[in-house]
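Hi,

Here is the structure I promised to pass on. My notes on how some of its helices pack follow below.

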Amino acid sequence: MSLRDYEVFELGDVPLQSGLTLRNAQLAYKTFGRLDTERRNVIIYPTSYGAQHSDTEWLIRRGRALDPERYFIVIPNMFGNGLSSSPSNTGPPHDRGRFPAVTVADNVRMQRRLLSERLGIDRIALVYGWSMGGQQAYHWAALFPDMVERMAVVCGSARTAPHNQVFLEGIKYALMADPAWRDGYFAEPPVRGLRAMGRIYAGWALSQAFYREELWRGIGFSSLEDFLIAGWEANYLRRDADNLLAMIWTWQHADISANELYGGDRAKALGAITADALIMPSTTDLYFTVADSEREVAHMRRAELRPIPSIWGHRAGNPTQNPEDDDFIDRAVKELLGR
């Protein structure tokens, strides 16, 4: 058995926005670097959909924006991702399909407890997030404006847009069409459903131009079919399907105004953000669009909209195999941290 490379914060019984209680809740997290003497060099880097910290920690590199020699970086794992409390690791009666619905606000409020109760942190230099991580960054800045100095949202949003909802409905129902879906949960791994989900996702996560230019050839795939099987089916076959559905629910209900502070008034929630904000949609993202980001930035006090000029679609925001977009994002975030 391998030793885990992360820590767990025991939260106890957590009342959720849904009205249910997540009992014996656990928040898995990993830290990099050291706190400075004033505890002001903190970067929060939440995980994205389906990801665990091991999938995203590649971005933490010496000499780059998320430099562990300069900053104390915390990656909190989102509820539902298999490390923090999730359908796959929670016992009855809240296991699998009975796992309580967890909002982005629930996630961020528990991350706030981690910082204050476990790590003794009350000021954040930057909240950085891609995709659902960007949604968490928005929530951090709206729920705790006095705590967050800067925020960088890469291919994310303050609210899940209607077209984004349609995309999520498609991959959700492809997964649930598998015969393994019974009585609200998966009785066994839904192999056909996971393969279908991967193929549908491949058409949304990357742009038309990405496929027209056959950029998959430059990242290790011998054909389009090879890319779909080894690049997309394989990615989802390693996931737990009940966890994936739980995180889709969280994603679909993301809205920084859906709480007692803002009562559904998104303009008010966005206007309450005092952080120096960098909003970076991809110009070819099909479901976190530049147009949606423009509408949100219009209500923010100190926000810069800087689209990523890329044909990598949504994946421009997580450029593990794309040095050009990686450098573009890194330069912008360094500039933000230097203000």
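Axes here are lines fitted to C-alpha atoms, for helices over the stretch in contact, and angles run from 0 to 180 degrees between N-to-C directions. Helices are DSSP runs (H or I, at least four residues), numbered from the N terminus. This is a predicted model, where local features need pLDDT of at least 70 and side-chain atom pairs count only at pLDDT 80 or more, while totals for chains, interfaces and linings use all residues. Residues are numbered from 1 along each chain as its sequence is written, and side-chain values use heavy atoms, with hydrogens and water left out.

Let me begin with α4 and α8. Helix α4 (residues 162-176) and helix α8 (residues 241-252) cross at roughly 160°, and their axes come within 11 Å. The pair is therefore roughly antiparallel (angles over 145 degrees). Among the residues in contact (heavy atoms within 4.5 Å) are Phe167, Leu168 and Ile171 of α4, and Leu244, Leu245 and Ile248 of α8. By class, this contact has 10 nonpolar, three polar and two charged residues; Ala, Val, Leu, Ile, Met, Phe, Trp, Tyr, Cys and Pro count as nonpolar, Asp, Glu, Lys and Arg as charged, and the others, Gly among them, as polar.

The other pair is α5 and α7. Helix α5 (residues 191-205) packs against helix α7 (residues 224-237) at about 120°, with the axes 8 Å apart. That angle makes α5 oblique to α7 (oblique is what remains outside under 35, 65 to 115 and over 145 degrees). In α5, the contact includes Leu194, Met197 and Tyr201, and in α7 it includes Leu228, Trp232 and Tyr236.

Enjoy exploring!

Key:
Helix = DSSP H or I, 4+ residues; strand = E, 2+ residues; numbered from the N terminus.
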